[in-house]
Amino acid sequence: MWSGTPLFPETASTIASRVDALYCFLLAVAVFFTLLIAGLVVVYGIRFRRRSPNGIGTTIRGGAVLEVTWIVIPSLITAVIFVWGASVFFAMSRPPNETLNIYVVGKQWMWKFQHLDGQREINEVHVPLGRVVKLIMTSEDVIHDVFVPAFRVKADVLPGRYTHIWFQATKAGRYHLFCAEYCGTRHSGMIGQVIVMEPAAYQAWLGAGSGEGSLASEGQKLFTDLTCSSCHRPDAQGRGPVLVGLFGKTVTLQNGETVSVDEAYIRESILQPSAKVVAGYQPIMPTFQGTVTEEQLLELVEYVKSLKSSTATPVDDPGRSRERH
């Protein structure tokens, strides 16, 4: 309701109103009890002040009702805050099933965005209005943090792992993107923009891209160049597991534990292949630590994800990674 003020920046996503409602409630509770307590301190200080130098205060006994009241009421308020806050947190941390995925790599001191169709952007990202967008993020160096005030979304970007946030923009326009984690001397300059476009305009922007291949196709080329297909064969005759249809499944490891095959698991299998070896296979896959960049890791991850279809071509579904991938 106070859009544009420092405490209430523009509201431009579906989750923003829920965050604002919780924030207003917390603010109202804090203001109410601050004024109540400060007022009572003043009133009681005047009413029960010592009226003579020799005055002695009387002992007040009982007051069980008052004690129960100031225990129950704060407990109920904190319970409401917890349940309300948890519901908003779960909504923010669980993206819908169908999302437009965009990869983000943080680096001192810039943001690099990669669209699945192959478009790459620096310090700005184009997204369609009304579409659920999921940012899958990692860092090349130190901890960064993506923060888009108008969308009320914020998450750490960590080296060596993937984190994500999602949003659904409700207004076309340009919105500030900040790094909200001190990351070095030029931290304040690590800013960007989220450009929300009408669906038709967004499709036109995609069509006018750089002409580079999609992340999955680039990942396929890299997969072949690194000779991964010699072990991960689609006919299950290789020394590594078949990768087709692997993403999203749960696999059993040599130690009996199970793990879900997600982006983080694929990344770890490429860089630390002996960390979690799939049952039935030997830890013979070499590490590609220092051989592939973060951008190339994203390409390989997206390629493995694209092998979910059983109709993929043999080149597109070279088998699975030796230990797990």
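This is a guided tour of a predicted model, with a selection to make at each stop.

**Stop 1: two helices side by side**

Begin by selecting helix H1, residues 16-47, together with helix H2, residues 64-93. A pair of packed helices is described by the angle between the axes and the distance between them. For H1 and H2, the angle is about 160° and the axes lie 10 Å apart. Angles over 145 degrees count as roughly antiparallel, so H1 is roughly antiparallel to H2. The crossing in which H1 passes H2 is left-handed.

Next, show the side chains where these two helices meet. On H1, select Arg18, Val19, Ala21, Leu22, Phe25, Leu26, Val29 and Phe33. Their partners on H2 are Ile77, Val80, Ile81, Trp84, Gly85, Ser87, Val88, Ala91 and Met92. Sorted by class, this contact of H1 with H2 comprises 14 nonpolar residues, two polar residues and one charged residue. While the helices are on display, a general point may be helpful: an α-helix has 3.6 residues a turn, so residues three or four places apart point the same way.

**Stop 2: Thr170 and its surroundings**

Select Thr170, which is found in the loop that runs between strand E8 (163-168) and strand E9 (173-179). Is Thr170 buried, partly exposed or exposed? Its relative accessible area is 41%, so Thr170 is partly exposed.

Now display what surrounds Thr170. Apart from neighbours within four places in sequence, Thr170 is in contact with Thr11, Ala12, Ser13, Thr14 and Leu129. The side chain of Thr170 also reaches the backbone nitrogen of Ser13, at 3.4 Å. For a sense of scale, draw a line from the C-alpha atom of Thr170 to that of Gly63: these residues are 107 apart in sequence and 53 Å apart in space.

**Stop 3: Ser139 in strand E5**

Select Ser139, which belongs to strand E5. With a relative accessible area of 1%, Ser139 is buried. Which backbone atoms does the side chain of Ser139 reach? One is the backbone nitrogen of Asp141, at 3.1 Å. Another is the backbone oxygen of Val142, at 2.5 Å.

Widen the selection to the residues that touch Ser139. With neighbours within four places in sequence left aside, they are Gly106, His144, Val157, Leu158, Pro159, Gly160 and Glu294.

**Stop 4: the enclosed helix H5**

Strand E5 appears again at this stop, as part of what covers the buried residues of helix H5. Select H5, residues 263-271. Seven of the nine residues of H5 are buried, so this helix is largely enclosed by the rest of the structure. The buried residues are Glu263, Tyr265, Ile266, Arg267, Ser269, Ile270 and Leu271.

To view the cover, add strand E1 (100-107), strand E5 (132-139), strand E11 (250-252), strand E12 (258-260) and helix H6, which are included in it. Then turn to the start of H5, where a side-chain oxygen of Asp262 comes to within 3.3 Å of the backbone nitrogen of Ala264.

**Stop 5: helices H4 and H6**

Keep H6 on display and add helix H4, residues 215-225. The axes of H4 and H6 come within 7 Å and cross at roughly 100°. The two helices are therefore roughly perpendicular to each other.

Which residues make this contact? From H4, they are Leu215, Ala216, Glu218, Gly219, Gln220, Leu222 and Phe223. From H6, they are Gln296, Glu299, Leu300, Glu302, Tyr303 and Ser306. By class, the contact of H4 with H6 contains six nonpolar, four polar and three charged residues.

**Stop 6: Glu299 and Arg120**

Finally, select Glu299, which lies in H6 (residues 294-306). Glu299 has 9% relative accessibility and therefore counts as buried. Leaving out residues up to four places away in sequence, Glu299 touches Arg120, Leu215, Glu218, Gly219 and Leu222.

Follow the link from Glu299 to Arg120: a polar contact of 2.8 Å joins their side chains. Arg120 is located in strand E3, residues 120-122. At 35% relative accessibility, Arg120 counts as partly exposed, whereas Glu299 counts as buried. A polar atom of the Arg120 side chain also lies 3.0 Å from the backbone oxygen of Gly118. As a last selection, add Val278: its C-alpha atom is separated by 34 Å from that of Arg120, and the two residues are 158 apart along the chain.

How values were computed. Residues are numbered from 1 along each chain as its sequence is written. This is a predicted model: local features need pLDDT of at least 70, side-chain atom pairs count only at pLDDT 80 or more; totals for chains, interfaces and linings use all residues. Side-chain values use heavy atoms; hydrogens and water are left out. Axes are lines fitted to C-alpha atoms, for helices over the stretch in contact, and angles run from 0 to 180 degrees between N-to-C directions. Helices (H or I, at least four residues) and strands (E, at least two) are DSSP runs, numbered from the N terminus. Angles under 35 degrees count as roughly parallel, over 145 as roughly antiparallel, 65 to 115 as roughly perpendicular and the rest as oblique. A crossing is left-handed if the near helix is turned anticlockwise from the far one by less than a right angle, and right-handed if clockwise. Contact means heavy atoms within 4.5 Å. Ala, Val, Leu, Ile, Met, Phe, Trp, Tyr, Cys and Pro count as nonpolar, Asp, Glu, Lys and Arg as charged, and the others, Gly among them, as polar. Buried means under 20% relative accessible area, exposed over 50%, partly exposed in between (1.4 Å probe, protein chains only). A polar contact is a pair of N or O atoms within 3.5 Å; within protein, one must be able to donate a hydrogen and the other to accept it, and residues adjacent in sequence count only if both atoms are side-chain atoms.
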